[in-house]
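Trainee: I should like to work through this model with you, one question at a time. May we begin once it is displayed?

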Amino acid sequence: TDKLCLFNSSPYHHLFSNTEFRGNDFLESQAVSPEHCQFLCSVHPLCTYFSFSSNDFRCFLKNNPNSMVAKTKSNFTSGISSHLCQIDESWAKLTYRDIEFRGLDFRSEVVNFVDICQEKCTEDPNCQFYTYHNGSFFHPENRHRCYMKRVVTMPTPSHIRKVDNVMSGFTLRNCRSS
């Protein structure tokens, strides 16, 4: 067994709060959480470490196996890839309250609860993530609407923002055991 994986057996291994790893960016993406950013880094063959900005949901994938410069910076979480360990996908099981994944809609329908929206997304082989507008959403015509979303490449929304009375999440299709 790999000693690095044993040492970092918690689901939040390799994460450093209020820390930014400077430079060596090769890809910037949107992510909903530090754990989601770590997943994106872990599945990318060039990524050795990352930094996540919670202010604007930006994930900076970095590559430099020889050097990692850390700087204290609020609203940043940084970490290293989990290439050598089992990749943590617990972030995909969460529902993110007051977070909207913008764009990339391929279908929408009216449902009563966010759990039903998540289930519809999970059942649809094309759906990778969703946004649900609850009954208090400011546009009445969009209330109780489930927006199913997909991208061709990585399962990451193209734009993430804070919006009251919405909830977003990811398909559970890959999280279920056979």
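Trainee: Leaving aside its neighbours within four places in sequence, which residues is Ile99 in contact with?

Mentor: Please bear in mind that this is a predicted model. Neighbours of Ile99 within four places in sequence are set aside here. The residues in contact with Ile99 are then Val32, Phe57, Ile160, Arg161, Lys162, Val163, Val166, Met167 and Ser168.

Trainee: Where does the largest nonpolar core lie with respect to domain 1 and domain 2?

Mentor: This core has 22 residues, and those with the most contacts inside it are Val32, Ile99, Phe101 and Phe170. H2, S3, S4, strand S6 (96-102) and S10 each supply at least two of its residues. Because domain 1 (15-81) and domain 2 (91-170) both give residues to this core, its place is between them.

Trainee: Which element supplies the largest share of this core?

Mentor: Helix H2 spans residues 34-43, and nine of its 10 residues are buried. Among the buried residues are Cys37, Phe39, Leu40 and Cys41. The largest share of the core amounts to four residues, and the element that supplies them is H2.

Trainee: Which strands do the buried residues of H2 pack against?

Mentor: The helix is mostly covered. Its buried residues pack against strand S1 (15-22), strand S2 (25-30), strand S3 (49-53), strand S4 (58-62), strand S5 (69-80) and strand S10 (159-170).

Trainee: Is Ser33 buried or exposed?

Mentor: Ser33 is placed in the loop between S2 and H2. Not counting residues up to four places away in sequence, Ser33 touches Phe52, Trp91 and Tyr96. A polar atom of the Ser33 side chain also lies 3.1 Å from the backbone nitrogen of His36. The relative accessibility of Ser33 is 6%, and the cut-off is under 20%, so Ser33 counts as buried.

Trainee: What is the length of the polar contact that joins the side chains of Tyr132 and His144?

Mentor: Tyr132 lies in strand S8 (residues 129-133) and counts as buried, at 1% relative accessibility. A polar atom of the Tyr132 side chain lies 2.8 Å from the backbone oxygen of Asn112. For the contact between the side chains of Tyr132 and His144, the value is 2.9 Å.

Trainee: How many Å apart in space are Tyr132 and Gln118, C-alpha to C-alpha?

Mentor: Not counting residues up to four places away in sequence, the residues that Tyr132 touches include Val111, Cys117 and Met167. Tyr132 and Gln118 are 14 residues apart in sequence. In space, C-alpha to C-alpha, they are apart by 8.7 Å.

Conventions. Residues numbered from 1 in each chain as written. Predicted model: local features only at pLDDT ≥ 70, side-chain atom pairs only at ≥ 80, totals over all residues. Heavy atoms only, no water. Buried < 20%, exposed > 50% of the residue type's maximum accessible area, 1.4 Å probe, protein only. Contact = heavy atoms within 4.5 Å. Core = buried A, V, L, I, M, F, W, Y, C linked by side-chain atoms within 4.5 Å. Domains from an automatic or database assignment. Polar contact = N/O pair within 3.5 Å; in protein donor to acceptor, adjacent residues only side chain to side chain.
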